[in-house]
Amino acid sequence: MKKLIYILVYIFINVNIYSYLQIYPTIFDKNIDKNGGSEVYELSNPTLSKVRYIFYIDKISDEKDMSQWIEYYPKTMTLNPGEKRKLTVFVKAPEKLKKGEYTAILGIKELPIVTEKDIIEKNRSLNILTNLKMEIAGFVGDLPLELDGKNIELDQNKRKINGKVKNNGEKRATFTFYLVNTASKQEYYLGAGRILPKKEFDLSTLPEIKKNENLKNYNEVVIKDKNRVVKRLKI
């Protein structure tokens with residue numbers, strides 16, 4: 001029994017030591033013209049070791065790149081086990097820029113804390129534990145959201161909504177999906193999904209509808225962006 005406890009403790013320690021960093025949110029999706037756009041990210045260290053995070057910006061491609069307009073603070077961050085701190089990112093596009101969606105990479109490298117003495121005496125190297133790359137997007141100009149639905153249907157037996165929604169617009173967004181009874185105005189929240197420009201979202205990937213929900217009178221799927229209705233789809 002004692003041996004089993006030792007094994008479990010060993011597994012717990014090692015899993016936590018090598019766990020990846022935690023960050024929220026994981027998107028940007030802001031208007032960056034006029035006064036610019038900003039986001040505050042919360043990073044936490046879920047490991048049992050002190051770690052250092054080094055932040056950097058990189059290009060995705062030369063086309064519609066916004067990497068040169070990004071400011072962020074701090075440049076590095078050291079967190080104790082379980083500690084949380086914030087990273088602020090600000091992006092402001094130059095004036096008279098062509099409207100559209102612009103992108104860049106927000107990178108986060110996680111390094112263990114290693115002293116010079118450790119490197120000399122123990123020949124330890126600075127192994128990168130994590131190199132997280134997040135694609136972030138900024139929008140210039142008024143970019144309307146344009147969605148189309150295909151083969152939308154409600155499967156009452158499997159309690160799932162089926163079909164696909166395509167983003168025909170020029171900007172990505174995180175949409176929320178609802179079943180609606182247009183007669184009673186009753187809404188049922190199905191879930192959320194982020195759709196990139198010119199890409200499709202499969203509605204069947206949304207969670208199963210609760211068994212106590214009566215599906216008989218629902219006749220529409222409503223798609224919203226920040227509580228604003230973008231599209232209504234008959235079922």
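**Exercise 1. Identify the residue in strand 14 that is the bridge partner of Lys 164, and place strand 11 in its surroundings.**

*Solution.* In strand 14, Lys 164 has Asp 202 as its bridge partner. Strands here are DSSP runs of E with at least two residues, helices are runs of H or I with at least four, and both are numbered from the N terminus. The model is a predicted one, in which local features need pLDDT of at least 70 and side-chain atom pairs count only at pLDDT 80 or more, while totals for chains, interfaces and linings use all residues. Residues are numbered from 1 along each chain as its sequence is written, and side-chain values use heavy atoms, with hydrogens and water left out.

Step 1. Strand 11 pairs with strand 14 (residues 200-202) in the antiparallel sense over 3 bridges; two strands pair if DSSP finds at least two bridges between them.

Step 2. Strand 11 also pairs with strand 10 (residues 147-155), again in the antiparallel sense, over 7 bridges. Here Glu 153 has Asn 162 of strand 11 as its bridge partner.

Step 3. Strands 10 and 11 form a hairpin with 4 residues between them, and Arg 159 in the turn has a positive phi of about 55°.

Step 4. Strand 11 (residues 160-167) is largely enclosed by the rest of the structure, because 6 of its 8 residues are buried. Buried means under 20% relative accessible area, exposed over 50%, and partly exposed in between (1.4 Å probe, protein chains only).

**Exercise 2. Determine the strand order of the open sheet of 4 strands, and state which strands stand at its edges.**

*Solution.* Step 1. The order is 1-3-7-5, with antiparallel pairing.

Step 2. The edges are held by strand 1 and strand 5; each has a single partner strand, so one side of each lacks a neighbour in the sheet.

Step 3. From one strand to the next, the twist averages 25°; such angles run from 0 to 180 degrees between N-to-C directions, with axes fitted as lines to C-alpha atoms, for helices over the stretch in contact.

Step 4. Within the sheet, strands 3 and 7 pair over 8 bridges in the antiparallel sense, and Val 89 in strand 7 is the bridge partner of Glu 39.

**Exercise 3. Describe the largest nonpolar core and the contacts of Leu 43.**

*Solution.* Step 1. A nonpolar core is a set of buried Ala, Val, Leu, Ile, Met, Phe, Trp, Tyr and Cys residues joined through side-chain atoms within 4.5 Å. The largest has 26 residues, of which Tyr 41, Leu 43, Tyr 53, Met 66, Leu 87 and Val 89 touch the most other members.

Step 2. Strand 8 provides the largest share of this core, 4 residues.

Step 3. Beyond its neighbours within four places in sequence, Leu 43 is in contact (heavy atoms within 4.5 Å) with residues including Tyr 53, Phe 55, Leu 87 and Ile 108.

Step 4. Another core, of 23 residues, lies apart from it and includes Phe 177 and Leu 215.

**Exercise 4. Is Asp 29 buried or exposed, and which side chain joins it in a polar contact of 2.7 Å?**

*Solution.* Step 1. Asp 29 lies in the loop between strand 1 (22-24) and strand 2 (30-31).

Step 2. Asp 29 counts as buried because its relative accessibility is 14%.

Step 3. The side chain of Arg 194 makes the 2.7 Å polar contact with that of Asp 29. A polar contact is a pair of N or O atoms within 3.5 Å; within protein, one must be able to donate a hydrogen and the other to accept it, and residues adjacent in sequence count only if both atoms are side-chain atoms.
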